[in-house]
Amino acid sequence: MSLKLADVHRIAHLARIEITDAQAQEAAKQLNDILAMIEQIGRVDTAGIAPMSHPLDGTQRLRPDAVTELPDRERNMANAPAQRDGLFLVPRVVE
Amino acid sequence: MSELAHATLSELGALLGRGSVSAVELATHFLERIERHRGLNAFLDVRAERTLAQARAADARRAAGESGALLGVPVAHKDVFVTRDWPTTAASRILEGYTSPFDATVVEALARAGMVCLGKLNCDEFAMGSSNENSAYGNVHNPWDRAAVPGGSSGGSAAAVAARLTPVATATDTGGSIREPASFCGVTGAKPTYGRPSRWGMIAFASSLDTAGLLGHSAQDCALVFNAMLGFDPKDSTSVERPAEDYTRHLQIDLRELRIGVPTEFFAAGLEPEVEAAVRSALRQYEALGARIVDVSLPNAALGIAVYYVVASAEASSNLSRYDGVRYGFRAKQYEDLRDMMCKTRAQGFGAEVKRRVLVGTYVLSHGYYDAYYLQASRVRRVIADEFQRAFGQCDIIAGPVTSGVAFGFGEKSADPVAMYLADLYTVPSSLAGIPAMSIPCGFGRHGRPIGLQLMANHYDEARLLGVAHRYQMATDWHARVPRGY
């Protein structure tokens, strides 16, 4: 199958990346090349083979819910896009 | 003083131990070389006063009676390891000006051993690339030939080590990002078993593949640094819980007991004759040292690239969703509402290759396509990993080429993503399996560009892998060659 311009716009929307029509044209060509390469995996018969999501098949480790470190307020605040009265200011994300 | 830049880590450690040189003198020497060779663009950030403060602290520790193989020895970090004293960008515009409130575990571990940080190294943006042409801060040059790419994504690490701007550098390997630049720059690259090095504070690209490692002058140097760098980290949920090891313990390994497996598929069409000749010659050297060469088969290894670009892109699309301009880093200047801010921030903050992979990853995970792409890729990943296990039933080490050709030129592959991806054909399979792998210099090809030999071992067998590499380096001097002018 081959991605159309509208598909690229839909994917870009899901990925939250603004894309112009001209960029989407170029992206469609490149993504189709990449997907054509990727589609080789369909040739392998994988019936009965468990998916491998992790190279060591480890189990998720749990840790005790304990205080291990205290926040370094000054360093954490240093990356704030804006500050006021010691508050870390971000755009409103919940209406 | 220039011999200091060409000394091995053991030699530097001995000089520091005898008091023949101080950590401050050593740091000053390398900082001067970094300044002199700024044109390579290997470093993204150098802050001499912070380096010298660390060097003074190392000297004070030694004066107080402390000893240690790495105490006062310089190191430089790939810019995907977060550092409190240097900004961290992952070579992306989206993290411009970001400074981490904490140090990555790898950074912290090497600092604890007394290593002195020289600064942050350039790489492909978010470690995505095979040529270093994807850095938002300009490409790194290959010290052997300025018209050649240094390889990627750890191009700054490899070029800095090749040019003797640092005796050793940290790097990361997701699909070949340590081995390919090691091969292109004629230095030694070592990727341990997935899960041995901590991923805490390593900016995430593809979490089931990302593995920290080293670029250095020899296998022995890498083994010394691994002793301080690898180990269980409770902060990393996939860190391997195993006792500490001495990674230098097999350096004197007897090769007469060793079986080296050569996958026939790694010598198929597409491998350039000059690379094949150099790799075959290295295999003959191993035979002369007593090792037995056996043929092994990895029938589906060639599908590794296809699997990788599903798995790695899927994981990247998820990991990189955190860069939205809300809390830190770059934010678009003009936008209408929150969604528009995120879309514009990501469009302007990410480079072309990163966007491409995020789009591929978003697509393969999207409704209706997940089974055909992500699930099938995860199954083929197991097929490839199982083939390695069968091969390791017949041999101890697997050897082959790192790349199909020597370093290519700038712009040669950057217009064709798939051609660029195929640069990782021989390195991706072992990444998918999570096994340790190395690239060691084994010759030169056209335009005097270096060629690497790839060595792979089974999970947790990196000490033997380093030993096998070391024996070759005791018998040959490819790893000690220095590009002219450095």
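The exercises below, each with a worked solution, concern a predicted model with chains A and B.

**Exercise 1. State the confidence scores of the model and of chain B.**

Solution. The model as a whole has an ipTM of 0.95 and a pTM of 0.97. For chain B, the average pLDDT is 97, and 100% of the residues score at least 70.

**Exercise 2. Decide whether the radius of gyration of chain B agrees with that of a compact globule.**

Solution. Step one is the expectation: a compact globule of 486 residues would have a radius of gyration near 23 Å. Step two is the value for chain B, which is 21 Å and agrees with that expectation. Step three adds the extents: the C-alpha trace of chain B spans about 65 × 55 × 45 Å along its principal axes. Step four turns to the interior, where 62% of the 486 residues of chain B count as buried. Step five concerns contacts in chain B with a separation of 6 or more: 77% of them come from residues 24 or more positions apart. The secondary structure of chain B comprises 16 helices and 11 strands.

**Exercise 3. Describe how chain A contributes to the contact with chain B.**

Solution. The contact takes 41 residues from chain A and 53 residues from chain B. On the side of chain A that touches chain B, the elements giving two or more residues are helix H1 (5-14), helix H2 (21-38) and helix H3 (73-77) of chain A. Of these, H2(A) gives the most, with seven residues. By residue class, this side of chain A divides into 24 nonpolar, 10 polar and seven charged residues.

**Exercise 4. Establish how strand S6 of chain B is enclosed, and which strands it pairs with.**

Solution. First, count the buried residues: six of the six residues of S6(B), residues 211-216, are buried, so the strand is largely enclosed by the rest of the structure. Second, separate the faces. In a regular strand the side chains alternate between the two faces of the sheet. One side of S6(B) holds Thr211(B), Gly213(B) and Leu215(B), the other holds Ala212(B), Leu214(B) and Gly216(B), and all are buried, which leaves both faces covered. Third, list the partners. Strand S4 (residues 168-173) of chain B pairs with S6(B) in the antiparallel sense over six bridges; Thr172(B) has Ala212(B) as its bridge partner. Strand S5 (residues 188-191) of chain B also runs antiparallel to S6(B), joined by three bridges; here Thr188(B) is bridged to Gly216(B).

**Exercise 5. Compare the helices H8 and H11 of chain B by what is known of their burial and span.**

Solution. Begin with H8(B), residues 219-229: 10 of its 11 residues are buried, so this helix is largely enclosed by the rest of the structure. Among the buried residues of H8(B) are Asp221(B), Cys222(B), Leu224(B), Phe226(B) and Met229(B). Just after H8(B), Gly231(B) takes a positive phi of about 150°.

Then take H11(B), residues 338-349. At 1.5 Å a residue its 12 residues should span 16 Å, and the end C-alpha atoms are 16 Å apart, which agrees. The buried residues in H11(B) include Met341(B), Met342(B), Cys343(B), Arg346(B) and Gly349(B).

**Exercise 6. Locate the unusual backbone geometry, and say whether Asp85(A) and Ala91(B) are buried or exposed.**

Solution. The background is that most residues other than glycine have a negative phi, and most peptide bonds are trans.

- Asp85(A) has a positive phi, near 50°. It is found in the loop between strand S1 (82-84) and strand S2 (87-89) of chain A. Asp85(A) counts as exposed because it has 5 C-beta neighbours inside 10 Å, and the cut-off for exposed is 12 or fewer.
- Ala91(B) has a positive phi, near 60°. Its place is the loop between strand S2 (74-78) and helix H5 (105-112) of chain B. Ala91(B) is buried, with 34 other C-beta atoms within 10 Å; the cut-off for buried is 20 or more.
- Gly152(B) and Ser153(B) are joined by a cis peptide bond with omega about 5°. Ser153(B) lies in the loop between strand S3 (116-121) and helix H6 (155-162) of chain B.

**Exercise 7. Place Gly393(B) and give its distance from Thr99(B).**

Solution. Gly393(B) sits in the loop between helix H13 (371-391) and strand S9 (397-401) of chain B. With 10 other C-beta atoms within 10 Å, Gly393(B) is exposed. Gly393(B) and Thr99(B) are 294 residues apart in sequence, and their C-alpha atoms are 47 Å apart in space.

Methods. Residues are numbered from 1 along each chain as its sequence is written. Chains are lettered from A and ligands numbered from 1 in the order in which they are written. This is a predicted model: local features need pLDDT of at least 70, side-chain atom pairs count only at pLDDT 80 or more; totals for chains, interfaces and linings use all residues. Helices (H or I, at least four residues) and strands (E, at least two) are DSSP runs, numbered from the N terminus. The expected span of a helix is 1.5 Å times one less than its number of residues. Two residues are in contact if their C-beta atoms, placed from the backbone, lie within 7 Å. Ala, Val, Leu, Ile, Met, Phe, Trp, Tyr, Cys and Pro count as nonpolar, Asp, Glu, Lys and Arg as charged, and the others, Gly among them, as polar. Two strands pair if DSSP finds at least two bridges between them. pLDDT is the predictor's confidence in each residue, from 0 to 100. The radius of gyration is taken over C-alpha atoms; the globule rule is 2.2 Å times the number of residues to the power 0.38.
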